[in-house]
Amino acid sequence: MQFRSVIGQHELKAKLVQTIREGRISHAQLFWGAEGTGNLPLALAYAQYLNCADRGETDSCGVCPSCNKMQKLIHPDLHFAVPVNSTKSVTADKKPVTDYFLPQWRRALTDNPYLTEADWYATLEIENKQGRISVHEATRIIEKLNFKAFESEYKILILWLPERMGAEAANRLLKLVEEPPEKTVFLLVCEDTNRVIKTILSRAMPVRVPPIAADYLRDALMERRQLPEAQAGKIARLSEGSYSRALALLQSDSEKNEYFEWFTFMMRNAYAGNFLDLLDWLGELSKVGRERQKNFLLYAEHLLRESFMFNRGAESAVYLMGEEEQFARKFSPFVNERNIDELFKQLNLALGHIGQNGNPTMIFTDMFLQIGKLLRK
Ligand SMILES: [Zn+2]
């Protein structure tokens, strides 16, 4: 990974490049920043720059044999230690360590260098367990780093989430972190220093990774996710400088689009009394699962409330954008003091019944009929 692929963080990048160019390479460094700020991508870019055969003034060349292998995460002098646990294929008696999961790790990190701990566990299908950096992992690390570098000047170990390392593993690594073999660099990548074992923490030079500035986050969303500027800006402001949080918000935004379509379809047809069309659609709605049905009903309440605010002329209180706003404005005459309480009651009733595992077909059929009556009141 090159520095130019890391979102924002220009000051920090310049500082990191400068320390390498001046030959001030600390043998143990702690890239420390909240989830999604880019602490892992920065460590990768640092490692690539360090071993690049043709370093530029601000970035690695990206094309030398070292860069080539670094980018594919297959450089023989680049090692990883990340939290893992037993899975279906790597059972507990095999003493799971990172090496067993390298193909998955490379793929996950290539797909998204801003991957979160939860993303990683989802890849391993161990969502219900926590990963660990075990004492067996520590032993492997010592073995690997005691070899000479194969191809490049530096051997680099990226240890992701030292928070997941227990005392036994930390103790085993202590001496190595303190006095590593020559030309060996430890890059520890952490999110919460309070949960890292103190003896390790005190031996690493901190590299503080701040939240990503909102403008850079917005630009990244426009470039990488092809979002229009307004939407990108809105998500960037809500993301608190974390690209992974922005991606999560984007995800729920796309669900919202679906709910918006459902809501408008439901209201139009309920008002027009097109119950055949509604019943037709019901087949689909019954199949999406209770979680999404519940989320849809919550979304419907939200949009209904905002439409009612338009009806009351309280426009400043309305927080909607784009097509939601246009729809709520047009829909607002139909949501008024005569029916709003009853409409809410119907949605809440459905929400309760779905939550209690009622039959969705019956629940929604009843709701459509009642909403139709109320809208025509
Ligand atoms: Zn290079």
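Student: Hi! In strand 4, what is the bridge partner of W160?
Tutor: In this predicted model, W160 is bridged to V189, a residue of strand 4.

Student: And how many bridges do strand 3 and strand 4 pair over?
Tutor: Six bridges join strand 3 (residues 155–160) to strand 4 (residues 184–190), and the pairing is parallel.

Student: What holds paired strands together in general?
Tutor: Backbone hydrogen bonds do that, in either a parallel or an antiparallel arrangement.

Student: OK, zooming out: what is the order of the strands in the open sheet?
Tutor: The order is 2-3-4-1-5, so to speak from one side to the other, for five strands with parallel pairing.

Student: Which strands stand at the edges?
Tutor: Those are strand 2 (78–81) and strand 5 (205–208). Each has a single partner strand, so one of its sides has no neighbour in the sheet.

Student: How many degrees are neighbouring strands turned against each other?
Tutor: On average 20 degrees, with direction ignored.

Student: Which strands does helix 2 lie across?
Tutor: Helix 2 (residues 39–51) lies across strand 1 (28–32), strand 2, strand 3 and strand 4. Relative to strand 4, helix 2 runs at about 165 degrees.

Student: Switching topic! At what angle do helix 12 and helix 16 cross?
Tutor: Roughly 145 degrees, for helix 12 (residues 275–287) and helix 16 (residues 360–375), with their axes coming within 10 Å. The crossing is right-handed.

Student: Which residues make the contact?
Tutor: Helix 12 brings F275, L278, L279, L282, L285 and S286, while helix 16 brings P360, T361, F364, T365 and F368.

Student: How do those divide into nonpolar, polar and charged?
Tutor: Eight are nonpolar, three are polar and none is charged.

Conventions
Residues numbered from 1 in each chain as written. Predicted model: local features only at pLDDT ≥ 70, side-chain atom pairs only at ≥ 80, totals over all residues. Pairing = 2+ DSSP bridges. Helix = DSSP H or I, 4+ residues; strand = E, 2+ residues; numbered from the N terminus. Axes fitted to C-alpha atoms, helices over the stretch in contact; angles between N-to-C directions. Contact = placed C-beta atoms within 7 Å. Left-handed = near helix turned anticlockwise from the far one by under 90°. Nonpolar A, V, L, I, M, F, W, Y, C, P; charged D, E, K, R; others polar.
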